[in-house]
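This report describes selected features of one protein chain, with attention to its pockets and to one pair of strands.

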Amino acid sequence: MEHRISAAIQAAAGIQAPALVRPAADTKFGDYQANGIMAAAKHLKTNPRQLAEQVVAAMDVDDVSEQPNVAGPGFINLRLKDSFLAERLMGMHRDTDRLGIDKTETPRSVVVDYSGPNIAKQMHVGHLRSTIIGDCIARLYEFAGHRVIRQNHIGDWGTQFGMLIAYLKEQYPHILENPASVHIADLEAFYQNAKRLSDENSAFAAKARQEVVRLHNHHPDTMAVWKHIVEQSRQHYQPIYDMLNVTLKPEDERGESFYADKLANVVEELKAKGLAVESDGAICVFPEGFKNKDGQPLPFIIQKSDGAFLYATTDLAALRYRLFELKADAVIYVTDARQAMHFQMLFAVARMAGWVNTETLLEHVSFGTMLGADGKPFKTRSGGTVKLKDLLQEAVERAKAVVEQKNPALSAEQKEKIARAVGIGAVKYADYANNRNSDYVFSFDRMLAMDGNTAPYMQYAYARIKSIERKAAGKEVDIQQELDGIPTVLLTEPEEKELAKLLVRYDQAIAAATAEYRPNYLTGYLYDLAQAFSRFYTACPVLTAEPQHRPTRLLLCDLTARTIRHGLSELLGIEVPEQM
RNA sequence: GCGCUCGUAGCUCAGCAGGAUAGAGCAUCGGUUUCCUAAACCGAAGGUCGCAGGUUCGAGUCCUGCCGGGCGCGCCA
C-alpha cells in the first residue's frame, strides 16, 4: 500500500515522496490514512488537497481498498475491502509457519552481543534487561531471515580471577588431581570470601597476583583451575537462561579470555596506522568530537601506563573478530545506557581504523535502569543486589498462589507448569512492554495482574481460545473440517472486523519492533490484539454460532491463537500454556 | 562545565523519520454472568503533554533557552 501510493505520488507530482500510510487516527475516517501528501505538497509549494485529489486519481488500489477519499488538509483515507481482509486472513491461514509474513530480501549477517555476565559472580537483576532484550532482538532478526550470530561476551578473564584461582587452590588442595569433585555451591559467597581474604591477607594477595601472571602465561595448572571456575559458574547461569527461555547456548560464549591473546596485536595495528599515541604514559586513540571535563580531547585508552590492557582493548579485538572472522555486516550491542559514550568511541575508532564501510551497521541498543517501588535502583531490603534466581523464583511463587486461587481443580503438575509460564512470562513481558530507553519501576503486583498490558492477560486470551477448541468436540464441531472447507470469510459484526484488521497488521508490528529494536511495539500490538479478541469473544459466540458464521469465527480464533503464540513464544520467548 | 537520557491523567506507562478530538492499565464511580474460563467485557470521570519562545497549513513529537530527575565524562567494566 505504502509502495503503491508512493508510486501514485510519483505519477501525479513527479517526485519521490513517502506515502506515510498509518493506521487511521479514528475509525470513522477509515482503516488507514496516508499522511505523506501534505509534506509532498509543501515541498512542491502546491495546494495539498488538490494534490491529494490527483494522487487518488492516479492510485491503483481497487483490490485492497474501497474508493479512497480526501479529507482534512490533505489526508487520503482508505477503507479496506472485506474481500481484501478475507484474502489476507486466508493467506495467514495457509502459511502454517510464518503467518504470511515474508522474509527480508536482503539478509545480513548480524552479530547480537548481549547478556555478558561477569561469571565470577552470581547473575543479578542488572543482567536481566540485556539478556532478554538482546534475546528478543536476536529472535526478531532471525525471524526476518537474517543470519544471526549470538555472542555472549562473558567476563571470564582479568585480575579478579587470580584471586579466585588462588582461593580455590587454597580451599581445595586436591583440585588439580580431581577437579570434578569441587563444586561451588554459592558463587556469591565464593567471590566474597576470596575478596575478603585478598583484602586482609597480604601473603594471599601476593599469591593472587602471581596467579594473574600465570593466567596470562597460560600456565597449565592455573588454566585448569580457571577452566573449572568457568565451568562451575556456567552451571549457575545456564539454568537461569533455561528458566528465562533465552536462546543463548554455551557455544555462543566468546568471553574476554577468547580475545586475551589478540589485544597486543590490536594495539600494534592502531599504532601502525598512526591512530594510537602515547599520552601520560598510556596508549590512547583520540576520536574526534569527544571532550573531557576541561574541554580537552577525550582519550579511548587501549593500554594502561603499566602495560595492561583494558575493556576498550577487548572490545576492539572483539569487534575486529566479528567483522573479519565472523563476517558480520551488522553488530548490535545490548547494554545499559551508561556505556553509551564508550560505544560511540569504540565505533568511532573502528571507523578511523577503516574496519567498517558505509554499509556496516554498528549499533548500541541501550536501556534504562530497573527501579524499586521507591523510585531508586532495584535493591533488596537490606540494600544488596537482587539475585536473578531469587527474583524469578518469587515471581513463580506468586503466580502459583494466583493459579491455586483461580483454578484449584488443576493437577499439581499443571499448576506448576502454569505458574512457571505466568511468573517468568510476567517478569519478561513487563520489561519488554516498557520503552527500553526509560527507567522503569519493577512491581510484581502490576506485572502479574490479569488486567492491562501483562503476560497473564495475553496468556489468558490464548487459554480461552484453546478452551473453545477443547469444547468443540463435545458440541459436535469439527474445527479442522470447518477450517479446511471454509467457503467464504464472512465478517459482519464490528468485533469480527476489528479483530480481522488487527490480525493482518501483525507484520507491521514486527517490522517496527525490528527496525527500532523496540520490543514494546510488539507487546503493544499483542495487547491490542488480545483486547480485540476479548471483545469479540464477549460479543460473538463461536461454537454455537449459526452455520454461516461459525467457520469465520473459528478462523479468527485460530489466527488469534497462532499470532499470540508466535509473538509470545517465538519472538519474546514467553511460554503460552494451553489452560490457566 | 560538557554530553546522553527522561519529564504525558492521582499512580505505572504507551504514543512507530510532525498529522485530524493525546491513549491504555491501576485506583475511583456505575453496569454486564441460565451462554465457549467474569483471570473477562461495557460505560463515566480524570490532561495548560515540565516552562517559555521558535519553525508551519499542522508540534507530545523538530529547533533554541530555561527548570527538574537519572546517568556518563583519562588509565574499573
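What volume does the largest pocket have? In this predicted model, the volume of the largest pocket is about 1400 Å³. Its lining comprises 45 residues, and Asp507, Gln508, Ala509, Ala511 and Ala512 are the closest to the pocket centre. Helix 20 (506-515) is among the elements that supply at least two lining residues, and helix 20 makes the greatest contribution, with 8 residues. At least two residues each also come from helix 1 (2-13), strand 1 (21-23), helix 4 (82-94), helix 5 (128-143) and helix 21 (519-539).

The second largest pocket has a volume of about 1000 Å³. Among its 39 lining residues, those nearest the centre are Gly126, His127, Asp336, Arg338 and Gln339. Helix 5, helix 12 (311-324) and strand 10 each provide at least two residues of this lining.

The composition of the two linings by residue class is as follows.

| Pocket | Nonpolar | Polar | Charged |
|---|---|---|---|
| Largest pocket | 24 residues | 8 residues | 13 residues |
| Second largest pocket | 14 residues | 16 residues | 9 residues |

Strand 10, which contributes to the lining of the second largest pocket, spans residues 330-334 and pairs with strand 11 (residues 361-365). The pairing is parallel and extends over 5 bridges. Within it, tyrosine 333 has histidine 364 of strand 11 as its bridge partner. Between the two strands the chain passes through helix 13 (residues 340-352), forming a right-handed β-α-β crossover.

How values were computed:
Residues are numbered from 1 along each chain as its sequence is written. Chains are lettered from A and ligands numbered from 1 in the order in which they are written. This is a predicted model: local features need pLDDT of at least 70, side-chain atom pairs count only at pLDDT 80 or more; totals for chains, interfaces and linings use all residues. Side-chain values use heavy atoms; hydrogens and water are left out. Two strands pair if DSSP finds at least two bridges between them. Helices (H or I, at least four residues) and strands (E, at least two) are DSSP runs, numbered from the N terminus. A crossover is right-handed if, with the strands pointing away from the viewer, the path from the first strand over the helix to the second runs clockwise. On a 1 Å grid over the protein atoms alone, a cavity is a set of points where a 1.4 Å probe fits but cannot get out, and a pocket is an open set with protein on both sides within 12 Å along at least five of seven lines; lining residues have an atom within 4 Å of a point. Grid points are joined across faces, edges and corners, and a volume is the space filled by probe spheres set on the points. Ala, Val, Leu, Ile, Met, Phe, Trp, Tyr, Cys and Pro count as nonpolar, Asp, Glu, Lys and Arg as charged, and the others, Gly among them, as polar.
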